[in-house]
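Colleague: Please take a close look at one part of this model and explain to a first-year student how that part is placed among its neighbours. A connected account would be most helpful.

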Amino acid sequence: MTAATQASDRIWTIPNLLSGLRLLGVPLFLWLALGPEADGAALGVLAFAGVSDYLDGKLARVLNQTSRLGVMLDPLADRLYILATIVALTLRDIVPLWFAVLLVARDAALLLLVPILRRLGVGTALPVHYLGKAATFNLLYAFPLLLLSAGDSWLATAARPVGWAFAIWGVALYWWSGLLYFEQARRLAVERARPVASATSGKIGR
């Protein structure tokens, strides 16, 4: 087994620790936002999530600590934060229900790809597309600003249009990246089918 393979199977790495802490922040954020409505502390949790999301990928590359667990944890944490924030903002009437439905529907649609990807032998997920990263970036900026916009202060008034600008772009890119994942799966299915078709036609010719 090569060193690179050994590294890919590692669990106890700094990036994985950051991803684990980010996951632990999800229930904490929900409690802060929906229980005592401690928006300042909830914003702190979201800020940590955004910073750690950048750091774990950066450190994985710099320290050569990329792992299979990290590849799984990073997008899982992003999706859970998006879901948790959407739930909190919707329940507090900060965002309308249609906005929440748009985001949840996209991830629900991607679940349709899981059995297809398994049949193709590529696991349960495709490599993260740069548009998916851009969508997540926009949404992770939008949510703290939208939470900050809950109120009548000058800061809330200033945060509202900026938060919605990030949110609208985030939703558009989120769906665009989702459509690209479907296209990636279609192309992969076509490529996997070509050798089978070629072998079948060769046998018929003989």
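**A close look at helix 2 and its surroundings**

Modeller: Arginine 186 is located in helix 8, where helices (H or I, at least four residues) and strands (E, at least two) are DSSP runs numbered from the N terminus. With a relative accessible area of 46%, arginine 186 is partly exposed; buried means under 20%, exposed over 50%, and partly exposed in between, with a 1.4 Å probe and protein chains only. Its C-alpha atom is 10.0 Å from that of leucine 117, although the two residues are 69 apart in sequence.

This is a predicted model, in which local features need pLDDT of at least 70 and side-chain atom pairs count only at pLDDT 80 or more, while totals for chains, interfaces and linings use all residues. Residues are numbered from 1 along each chain as its sequence is written, and side-chain values use heavy atoms, with hydrogens and water left out.

The protein chain holds eight helices and zero strands. Of its 206 residues, 38% are buried. Contact means heavy atoms within 4.5 Å; among contacts between residues at least 6 apart in sequence, 78% join residues at least 24 apart.

We now turn to helix 2. It covers residues 14-34, and at 1.5 Å a residue its 21 residues should span 30 Å; the end C-alpha atoms are 31 Å apart, which agrees. The expected span is 1.5 Å times one less than the number of residues. Helix 2 nevertheless bends by about 30° at valine 26, and proline 27 follows within four residues. The bend at a residue is the angle between axes fitted to the seven residues ending there and the seven starting there.

Which residues of helix 2 are buried? They are Pro15, Asn16, Leu18, Ser19, Arg22, Gly25, Val26, Phe29, Leu32 and Ala33. An α-helix has 3.6 residues a turn, so residues three or four places apart point the same way. The buried residues of helix 2 pack against helix 3, helix 4 and helix 7. Tryptophan 31 also belongs to helix 2, but at 52% relative accessibility it counts as exposed. Between the C-alpha atoms of tryptophan 31 and alanine 42, eleven residues apart along the chain, the separation is 8.6 Å.

After helix 2 comes a loop leading to helix 3, and glutamate 37 is found in that loop. Most residues other than glycine have a negative phi. In glutamate 37, however, phi is positive, near 50°. This residue is partly exposed, with a relative accessible area of 46%.

The neighbour helix 4 has its axis within 9 Å of that of helix 2, and the two cross at roughly 10°. Axes are lines fitted to C-alpha atoms, for helices over the stretch in contact, and angles run from 0 to 180 degrees between N-to-C directions. Helix 2 and helix 4 are therefore roughly parallel to each other; angles under 35 degrees count as roughly parallel, over 145 as roughly antiparallel, 65 to 115 as roughly perpendicular and the rest as oblique. Their contact has 15 nonpolar, five polar and three charged residues. Here Ala, Val, Leu, Ile, Met, Phe, Trp, Tyr, Cys and Pro count as nonpolar, Asp, Glu, Lys and Arg as charged, and the others, Gly among them, as polar.

Helix 4 itself has 24 residues, which should span 34 Å at 1.5 Å a residue; its end C-alpha atoms are 35 Å apart, which agrees. Aspartate 78 sits in helix 4 and, at 11% relative accessibility, counts as buried. Leaving aside residues up to four places away in sequence, aspartate 78 touches Arg22, Asp53, Thr136 and Leu140. Just after helix 4, aspartate 93 has a positive phi of about 60°. Aspartate 93 is exposed, with a relative accessible area of 68%.

The other two neighbours of helix 2 also meet one another. The axes of helix 3 (residues 39-62) and helix 7 (residues 130-148) come within 10 Å and cross at roughly 170°. These two helices are therefore roughly antiparallel. Helix 3 contributes Asp39, Ala42, Leu43, Leu46 and Asp53 to the contact, and helix 7 contributes Leu140, Phe143, Pro144, Leu147 and Leu148. By class, eight of these are nonpolar, none polar and two charged.
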